[in-house]
Amino acid sequence: MPCPHSRSTDDEDHGIERREFMKTALAIGGTSAMFAAKARGEPVLQGSTEGLPERQYAWNDFMPKNGLTGLAKTPAHHLQLLLDYTGDGTPTEDDREQVEAALRTLEDAYEWDNEGLMFTIGYSLSYFDRFDEDLPEGTGMRPPEDIIDETDIASSGQITADHADAHLHLASKHAHVLLEAEEALFGAVDEVNGVDVETDLSGVFEKTDRRTGFIGNPKERWDEDLQGKNPIEEGASVFFGFKSLFTDSQPSEDDVAIQEGPFADGTTEQVSLLLDNNVKQWYNKHDIEERIERMYSPSHTLDETGRFGRELAPTSAPSDEKSMGEAATETAEDAEEKGVVGHAQKLARARVDDPDWEDGRPLLLRRDFPSTDGGRAHTQFISNQRSIDDFISVRKAMAFVDWNADDPDPAESEVQLKDHGIQGHFKVQSRGTYLVPPRDLRALPPANP
């Protein structure tokens with residue numbers, strides 16, 4: 001008689017094998033990977049261009065919600081394409097019509113939700129430099145060099161500033177959807193999910209970089225080891241192990257919308273590649289209590305957080321008696337007296353006064369995800385914010401113990417890097433900044449519509 005538990009084990013192993021296959025296929029890309037993934041993928045409903053939100057980044061209402069926090073759950077698979085405009089001078093109306101038609105094809109082919117496909121396209125200052133007009137005031141754009149120079153002081157010379165004209169971010173529960181969409185956008189297929197591909201981006205955009213990533217247990221998706229053993233704990237959803245999205249750390253989509261001008265209801269987008277180069281050290285050098293201190297604050301304990309931070313939900317507060325705002329005010333004191341500060345407590349200092357938020361409103365709407373592109377552990381950090389200045393403020397709060405919002409030139413911290421939240425365990429490789437227009441301006445927008 002077979003073991004009564006053998007079936008569930010086989011099913012679980014098969015599920016892991018399928019997820020790994022899909023993740024690998026997406027990372028490889030191309031038509032062969034697309035057909036292989038499509039053969040093992042699930043059917044997806046077609047969509048419509050009617051009734052879509054004016055905000056390209058309006059994803060939250062179309063995604064399932066986390067049962068503990070009520071926050072939207074990001075789709076499992078992600079694809080980023082960095083694009084350069086191939087034309088000379090400013091874009092033509094024919095080019096705009098071609099781009100819009102290609103994007104509408106995807107919206108007709110897939111429903112706009114987690115099960116189908118959601119995407120945004122944003123444009124860099126390098127793109128807008130081709131116009132005689134300047135961007136209107138209030139768009140909140142700054143070049144990536146400003147972030148690097150003001151916040152990545154110790155390693156600024158080692159960080160690449162991305163200057164691709166456009167950034168296209170596609171997300172779906174299904175890897176084969178992203179592969180099909182990419183092939184349709186660049187003329188490799190003439191039909192996508194039952195919809196004819198009559199035009200694409202070929203001749204208007206060329207790909208300069210391609211990045212993929214995933215949401216899920218990175219333990220089963222990362223081949224690195226620590227003395228023969230993968231260091232990531234079973235059940236962790238990110239490389240560093242701890243949940244980081246709570247109701248007090250994620251603003252609404254309204255909060256990050258540009259308020260005025262032709263780009264109102266757009267947003268700014270910051271895109272970074274972070275190499276998690278010391279994940280092994282994170283687990284090898286710090287026990288669970290020490291990791292909790294560095295991820296959250298010295299006020300947090302294992303009893304309050306649980307092994308992965310899920311017990312904190314819905315907020316990131318250390319306890320019922322102490323808010324994260326109170327922990328944030330103790331950052332400098334913790335640095336001096338305990339020699340360690342938490343990632344979350346530092347970031348909480350950058351929240352803005354808002355009567356509707358107990359500890360202030362957070363500034364960054366995070367859409368980041370882990371990646372193993374190139375066989376190395378990465379975090380592909382994407383955030384939307386009303387202004388790139390907001391990202392700089394948050395990054396300063398993360399980088400400096402003695403940071404405050406009124407200090408334009410904060411001193412570097414004296415806390416050892418390994419005790420400075422998670423800062424010593426990742427390395428910034430590149431940064432890019434983009435303006436994500438409202439939907440009606442998404443196809444090669446002029447600088448001042």
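**Close-up A. The buried side of helix α3 in this predicted model.** Starting with what is tucked away: the buried residues of α3 are Asp 95, Arg 96, Val 99, Glu 100, Ala 102, Leu 103, Thr 105, Leu 106, Glu 107 and Ala 109. So charged names such as Glu 100 and Glu 107 sit in that list alongside Val 99 and Leu 103, because each comes in under the 20% cut-off for relative accessible area. When you look along the helix, keep in mind that an α-helix has 3.6 residues a turn, so residues three or four places apart point the same way. As for its length, α3 has 17 residues and spans 24 Å from first C-alpha to last, close to the expected 24 Å.

**Close-up B. Glu 100 reaches Arg 442.** Here the two side chains form a salt bridge, with 3.0 Å between the closest N and O atoms. Glu 100 belongs to helix α3 (residues 93-109) and Arg 442 to the segment after β12 (427-436), so this pair ties together parts that are 342 residues apart in sequence. Glu 100 has 18% relative accessibility, so it counts as buried. For Arg 442 the value is 1%, and that residue counts as buried too.

**Close-up C. Glu 107 also pairs with Arg 442.** This salt bridge has an N to O distance of 2.6 Å. Again the partners come from helix α3 and the segment after β12, so the contact ties together parts 335 residues apart in sequence. Glu 107 and Arg 442 are both buried. Pull back a little and a network of salt bridges comes into view, linking Glu 100, Arg 104, Glu 107, Arg 439 and Arg 442.

**Close-up D. Glu 253 and Arg 367, a salt bridge between two loops.** The closest N and O atoms of this pair are 3.0 Å apart. Glu 253 sits in the loop between β7 (205-214) and β8 (267-275), while Arg 367 sits in the loop between β9 (365-366) and β10 (369-371), so the bridge ties together parts 114 residues apart in sequence. Both residues are buried. For the wider picture, the model's salt bridges come to 30.

**Close-up E. A patch of negative charge on the surface.** Now for the outside: Asp 287, Glu 289, Asp 303, Glu 304, Asp 320 and Glu 321 gather here. One of them, Glu 289, lies in helix α8 (residues 288-295). With 42% relative accessibility, Glu 289 counts as partly exposed.

Notes:
Residues are numbered from 1 along each chain as its sequence is written. This is a predicted model: local features need pLDDT of at least 70, side-chain atom pairs count only at pLDDT 80 or more; totals for chains, interfaces and linings use all residues. Side-chain values use heavy atoms; hydrogens and water are left out. A salt bridge is a side-chain nitrogen of Lys or Arg within 4 Å of a carboxyl oxygen of Asp or Glu. Helices (H or I, at least four residues) and strands (E, at least two) are DSSP runs, numbered from the N terminus. Buried means under 20% relative accessible area, exposed over 50%, partly exposed in between (1.4 Å probe, protein chains only). The expected span of a helix is 1.5 Å times one less than its number of residues. Patches are made of residues with over 30% relative accessible area and no salt bridge: like charges are joined within 9 Å, nonpolar side chains (Val, Leu, Ile, Met, Phe, Trp, Tyr) within 5 Å. Accessible areas come from the Shrake-Rupley method with a 1.4 Å probe; for residues, only the protein chains shown count as cover. Lys and Arg count as positive and Asp and Glu as negative; His and the chain ends are not counted. The place of a charge is taken as NZ of Lys, CZ of Arg, CG of Asp or CD of Glu.
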